[in-house]
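User: I am new to this structure and would like a close look at one part of it, with each term explained as it comes up. Please begin with what it takes for a residue to be called buried or exposed.

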Amino acid sequence: MTVGEIIQNHRKELGMSQEELGQKMLVSRQTISLWENNQTVPTIDNLKRLKEIFGVTVDAILGFENTLQNTEAQPIEAYQFNFTKRELNELHRLQRKSIYKRPIVFTIVSVLFTIFFILNHAPDFMIGLAFGMLFIGLVYHIKWILAYSKTFKSSIERVCKSTYEYKIFDEHISVNIYRENEKIRDSKCYYTDIEQIQHLGNWLFFQFGGQNFIVRKSDLKDNSVFYSFMYKNPSKTIENTVPNKWRTISILLFVASLLSIFGALATVGAVSSFNGLFVENMWLFFLFTPIPTISIIFGFILKAKGLKYKKNIIAGIIMLFFLCVYGSFSFIF
């Protein structure tokens with residue numbers, strides 16, 4: 001198999017067009033076409049980029065056989081997985097739960113802002129801004145959810161036709177993908193390169209090189225390296241048990257961040273009832289910025305401890321942004 005054919009096979013396996021691969025490689029589509037037609041060959045720098053994108057070695061791209069494979073030590077564990085459409089649909093359903101959280105929270109908060117502005121007779125430009133943010137946010141999240149669902153569903157047929165082989169060694173995991181008894185991809189992942197492990201029902205998703213790989217937990221040995229890795233490296237595991245005190249503080253700061261904007265609005269409304277200057281009093285929003293700021297800082301503390309942290313950081317950043325924007329209206333207008 002030529003270098004061009006190898007590049008073309010890896011590109012098609014990832015479902016990328018020549019133009020998409022060119023964008024990742026920072027070269028033109030014509031350059032990719034020349035490689036795949038064996039009219040030119042990639043430079044050393046381009047081979048390194050291809051290695052990162054495809055998740056294979058440079059030798060594999062060049063078609064060289066790795067002679068060291070014959071003397072490789074026997075794996076500690078070995079697994080083979082085939083996945084059914086029913087399993088993949090269940091995985092999709094479980095993933096949707098976490099995907100929908102952000103749009104739902106955004107919608108609720110935006111609607112509450114809009115209602116609050118209307119009930120407090122806020123200036124028309126603020127009500128219009130709230131409606132605009134709600135509309136733009138809804139369009140963005142709907143497009144994002146539809147794109148994710150389309151990508152997931154388009155991969156179901158490909159995954160169902162493939163066999164995934166995992167070989168566990170002392171320092172790395174070897175992942176081989178077969179289709180119709182032919183190896184179409186092989187990847188080597190050192191434990192230190194694993195970016196994240198996610199629990200979803202009876203499955204584990206572990207991610208490296210920007211790719212997700214599925215492991216069925218019920219097929220793992222009781223003392224599997226997968227479990228050992230997760231427990232020894234909790235910072236890379238999504239679903240960790242949060243101690244009660246940390247969970248309580250996390251929830252309180254999350255709620256306080258969401259309510260900070262309402263507290264600021266109530267304060268501005270109360271002061272404006274005396275002097276009738278609503279916009280001029282909006283600098284008071286800045287007095288509430290410490291609340292989301294503390295939530296953000298606490299989120300990074302949770303992250304350092306390997307615990308759930310995203311909701312504190314995301315809520316803190318969003319509320320801090322709104323408080324600063326609305327607070328600046330006193331100076332802008």
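Analyst: A residue is buried when its relative accessible area is under 20%, exposed when it is over 50%, and partly exposed in between (1.4 Å probe, protein chains only). The model is predicted, so local features need pLDDT of at least 70 and side-chain atom pairs count only at pLDDT 80 or more, while totals for chains, interfaces and linings use all residues. Residues are numbered from 1 along each chain as its sequence is written, and side-chain values use heavy atoms, with hydrogens and water left out.

The part to follow is the packing around two helices, where helices (H or I, at least four residues) and strands (E, at least two) are DSSP runs numbered from the N terminus. In helix H2, which spans residues 18–25, the buried residues are Gln 18, Leu 21, Gly 22 and Met 25. These four lie on the same side of H2, because they cover an arc of only 105 degrees around the axis, the arc being that of the directions from the helix axis to the C-beta atoms. An α-helix has 3.6 residues a turn, so residues three or four places apart point the same way. Gln 23 and Lys 24, on the other side of H2, are exposed. The buried residues of H2 pack against helix H1 (3–13), helix H3 (29–36) and helix H4 (44–54), contact meaning heavy atoms within 4.5 Å. After H2 comes Leu 26, with a positive phi near 65 degrees.

One of those neighbours, H4, can be described in a similar way, since its buried residues are Asn 46, Leu 47, Leu 50, Ile 53 and Phe 54. They share the same side of H4, because the arc that they cover around the axis is only 125 degrees. Ile 44 and Glu 52 are exposed, on the face of H4 that is turned away from its buried side. The cover over the buried residues of H4 includes H1, H2 and H3, together with helix H5 (58–62) and strand S4 (182–190). Gly 55, just after H4, takes a positive phi of about 70 degrees.

Two of the helices that surround this part, H1 and H3, are also linked through charged side chains: Glu 36 forms a salt bridge with Arg 11, the closest N and O atoms being 2.6 Å apart. The pair joins distant parts of the chain, with Glu 36 in helix H3 and Arg 11 in helix H1, 25 residues apart. A salt bridge here is a side-chain nitrogen of Lys or Arg within 4 Å of a carboxyl oxygen of Asp or Glu. Both Glu 36 and Arg 11 are buried.

For context, a search of the whole structure finds 5 salt bridges. In another of them, the side chains of Lys 85 and Glu 157 meet at 2.6 Å, N to O. This pair ties together parts that are 72 residues apart in sequence, because Lys 85 lies in helix H6 (residues 85–119) and Glu 157 in helix H7 (residues 124–160). Lys 85 counts as partly exposed because its relative accessibility is 43%, and Glu 157 counts as partly exposed because its value is 38%.
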